[in-house]
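Me: I'd like a close look at one small part of this protein. Could you pick a spot, describe its surroundings, and then show me what else in the model is worth setting beside it?

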Amino acid sequence: MSMASSAILHFSPSSSLLVSRKTCRSSVFRAAQFPRSLTIRASTSLDYSNVTVGDKPADPFKTNNWKWKFNDNSINIYYEEYEKESSEPPKDILMIPTISDVSTVEEWRLVARDIVQRVGNVNWRATIIDWPGLGFSDRPKIDYNADVLERFLVDFMSAPDCPISQTKNDLVVFGGGHAATIAIRAAKKGLVKPAAIAAVAPTWAGPLPIVFGRDSDMETRYGLLRGTLNAPAVGWMMYNMLVSNEKAIQSQYKSHVYADPNNVTPSIVESRYALTKKKGARYLPAAFLTGLLDPVNSREEFLELFAALEGQIPVLVVSTKGSPKRSKAEMEALRGAKGVSKFVELPGALLPQEEYPTVVAEELYKFLQENFKCEA
């Protein structure tokens with residue numbers, strides 16, 4: 001998701017690139033939230049005290065790691081599975097976190113629990129994965145870009161040893177922000193064949209490109225910033241100044257990640273801050289900030305991705321009432337667009353699945369009911 005759409009960079013008239021701490025530390029990257037009752041122990045410190053609880057809280061059915069072989073790297077990919085006891089075989093939902101500097105499986109946990117606990121004609125099982133380079137997955141120093149993340153998603157969904165291998169040809173995908181658009185792009189290419197896709201607050205432009213554009217001069221400056229962030233010593237200094245501090249994270253969440261600043265609790269800030277301290281934490285965010293993870297380069301290309309799925313699979317787009325202006329405009333461009341089966345607007349900003357999980361879970365479950373004859 002384009003969580004840093006209000007990032008401010010100060011570029012000097014010369015070829016040097018300077019990032020102002022005063023203007024950037026609170027707005028360089030971004031992220032977002034949602035579902036129904038529970039507390040979770042799979043490595044989280046989030047405060048969900050304001051979430052309406054229905055069923056008895058429970059732990060994830062399973063937490064594990066899947067090995068992704070990429071070039072010469074063996075990367076541990078963290079995932080969680082949620083499933084209720086049932087005699088019926090499960091139908092899988094893959095939930096993919098919004099891409100940001102603090103992306104994590106945590107944002108989908110309440111939605112996952114809400115949906116799998118519902119009783120209907122379909123026994124839903126949810127698997128949430130962390131992207132390589134983010135969350136609780138390994139964070140190797142590789143050349144992250146949209147193609148790499150697309151390849152990861154394709155490899156995961158098609159691997160015989162992944163947790164969804166038994167139902168990969170009948171899989172429903174829920175994704176937020178850039179994650180949704182990357183999944184749509186892979187489906188357009190025929191690399192994956194999901195049964196349906198829900199794009200929650202979908203985005204396509206990274207924090208700096210959505211503000212400053214992508215002309216050749218800006219691309220050069222993005223490259224300089226990316227190189228600085230990836231550098232051994234100065235990179236950590238800049239990353240700590242811009243991202244890895246609690247004040248910056250709190251400011252992000254209150255300004256554009258969440259719609260209601262009062263929903264940003266100290267526990268959420270602490271949880272996300274901890275993610276920024278993991279080894280290799282700055283490598284993928286450097287690519288995201290500067291647009292390397294953007295799956296397309298224009299609104300026209302964005303709309304073409306969805307249009308290519310017209311008549312092939314159901315596609316739900318969830319727009320949000322409180323998204324930043326530029327991100328909101330891209331979501332609204334999908335209203336009535338070709339390939340979009342259903343368009344809804346819900347409370348929230350860039351992480352509605354975490355901030356308003358009950359509302360999001362309800363809308364996603366309706367989508368499942370409408371397309372898979374799932375009765376409540």
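**A loop residue and its company**

Reply: Start at N71, which sits in the loop between strand 3 (62–70) and strand 4 (73–82). Strands are DSSP runs of E with at least two residues, helices are runs of H or I with at least four, and both are numbered from the N terminus. Before going on, remember that this is a predicted model, where local features need pLDDT of at least 70, side-chain atom pairs need 80 or more, and chain, interface and lining totals use all residues. Numbering runs from 1 along each chain as its sequence is written, and side-chain values use heavy atoms, leaving out hydrogens and water.

So what catches the eye at N71? Its phi is positive, about 50 degrees, even though N71 is not a glycine. Is N71 buried or exposed? N71 counts as exposed because its relative accessible area is 58% (exposed is over 50%, buried under 20%, partly exposed in between, with a 1.4 Å probe and protein chains only).

Now set A201 beside it. A201 has a positive phi too, near 45 degrees, and is likewise a residue other than glycine. You'll find A201 in a loop as well, this one running between strand 8 (196–200) and helix 5 (207–212). The surroundings tell another story, though: A201 is buried, with a relative accessible area of 0%. So N71 is exposed, while A201 is buried.

From there, hop over to D92, which is part of strand 5 (residues 90–96). D92 is buried, and its relative accessible area is 0%. What does its side chain do in there? The side chain of D92 makes a polar contact with the side chain of R125, at 2.6 Å (an N or O pair within 3.5 Å, one able to donate a hydrogen and the other to accept it, with sequence neighbours counted only if both atoms are side-chain atoms).

Finally, zoom out to the whole chain. The protein chain has 14 helices and ten strands. Of its 376 residues, 61% are buried, A201 and D92 among them. Looking at contacts (heavy atoms within 4.5 Å), of those with a separation of 6 or more, 77% link residues 24 or more positions apart.
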